[in-house]
Amino acid sequence: MESAKTQVRCSHCKTWFPSAIQIDDLDTFSMAMISGNLQQCPSCGKMTSCNKESVRIRTKDGGYIGKDTF
């Protein structure tokens with residue numbers, strides 16, 4: 001099974017980059033408790049949230065986009 005492509009949107013510079021948290025599928029993601037995580041943005045160097053609200057996931061069958069990514 002191929003993992004979903006999970007990306008974070010930096011809350012500072014708005015750049016998308018790969019998430020350190022990888023999800024296998026949307027069912028797993030929907031049941032996961034993902035909060036309080038931080039990741040350093042490779043573009044601006046600042047720490048940004050890596051939570052359900054700040055990620056997007058792309059799968060062959062669809063995807064998900066968090067409310068803080070707009």
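Where is glutamine 39 found? I'll start there, then move outwards. Keep in mind that this is a predicted model.

Glutamine 39 sits in strand E3, which covers residues 38–40. Is glutamine 39 buried or exposed? The relative accessibility is 14%. Buried means under 20%, so glutamine 39 counts as buried.

What does the side chain of glutamine 39 reach? The backbone oxygen of proline 18, at 3.0 Å. Proline 18 also appears in the contact list of glutamine 39, where neighbours within four places in sequence are left aside. That list includes Val8, Phe17, Ser19 and Ala20. From further along the chain come Lys46, Met47, Thr48 and Cys50.

One more distance for this residue. Glutamine 39 and serine 49 are ten residues apart in sequence. In space, their C-alpha atoms are 6.4 Å apart.

Next, asparagine 51. This one is in a loop. The loop runs between strand E4, residues 47–49, and strand E5, residues 55–59. Buried or exposed? Asparagine 51 has 11% relative accessibility, so it counts as buried.

Which atom does the side chain of asparagine 51 reach? The backbone nitrogen of asparagine 37, at 3.1 Å. Again leaving aside neighbours within four places in sequence, asparagine 51 is in contact with Ile34, Ser35, Gly36 and Asn37.

So much for the two residues. Now the whole chain.

The chain has one helix and six strands. What pattern do they follow along the sequence? It reads β-β-α-β-β-β-β. Two strands come before the helix, and four come after it.

How does the chain compare with a compact globule? For 70 residues, such a globule would have a radius of gyration near 11 Å. The chain has 11 Å, so the two agree. As for the box, the C-alpha atoms fill roughly 35 × 20 × 20 Å along the principal axes.

What share of the residues counts as buried? Of the 70, it is 33%. Glutamine 39 and asparagine 51 are among them.

Contacts next. Take those in the chain with a separation of 6 or more. Residues 24 or more positions apart account for 44% of them.

Then the surface. The accessible area of the chain comes to about 4,600 Å². Carbon and sulfur atoms hold 51% of that.

Last, charge. The chain carries 9 positive and 7 negative charges. How far apart are their mean positions? The answer is 12 Å.

How values were computed:
Residues are numbered from 1 along each chain as its sequence is written. This is a predicted model: local features need pLDDT of at least 70, side-chain atom pairs count only at pLDDT 80 or more; totals for chains, interfaces and linings use all residues. Side-chain values use heavy atoms; hydrogens and water are left out. The radius of gyration is taken over C-alpha atoms; the globule rule is 2.2 Å times the number of residues to the power 0.38. Buried means under 20% relative accessible area, exposed over 50%, partly exposed in between (1.4 Å probe, protein chains only). Contact means heavy atoms within 4.5 Å. Accessible areas come from the Shrake-Rupley method with a 1.4 Å probe; for residues, only the protein chains shown count as cover. Lys and Arg count as positive and Asp and Glu as negative; His and the chain ends are not counted. The place of a charge is taken as NZ of Lys, CZ of Arg, CG of Asp or CD of Glu. A polar contact is a pair of N or O atoms within 3.5 Å; within protein, one must be able to donate a hydrogen and the other to accept it, and residues adjacent in sequence count only if both atoms are side-chain atoms.
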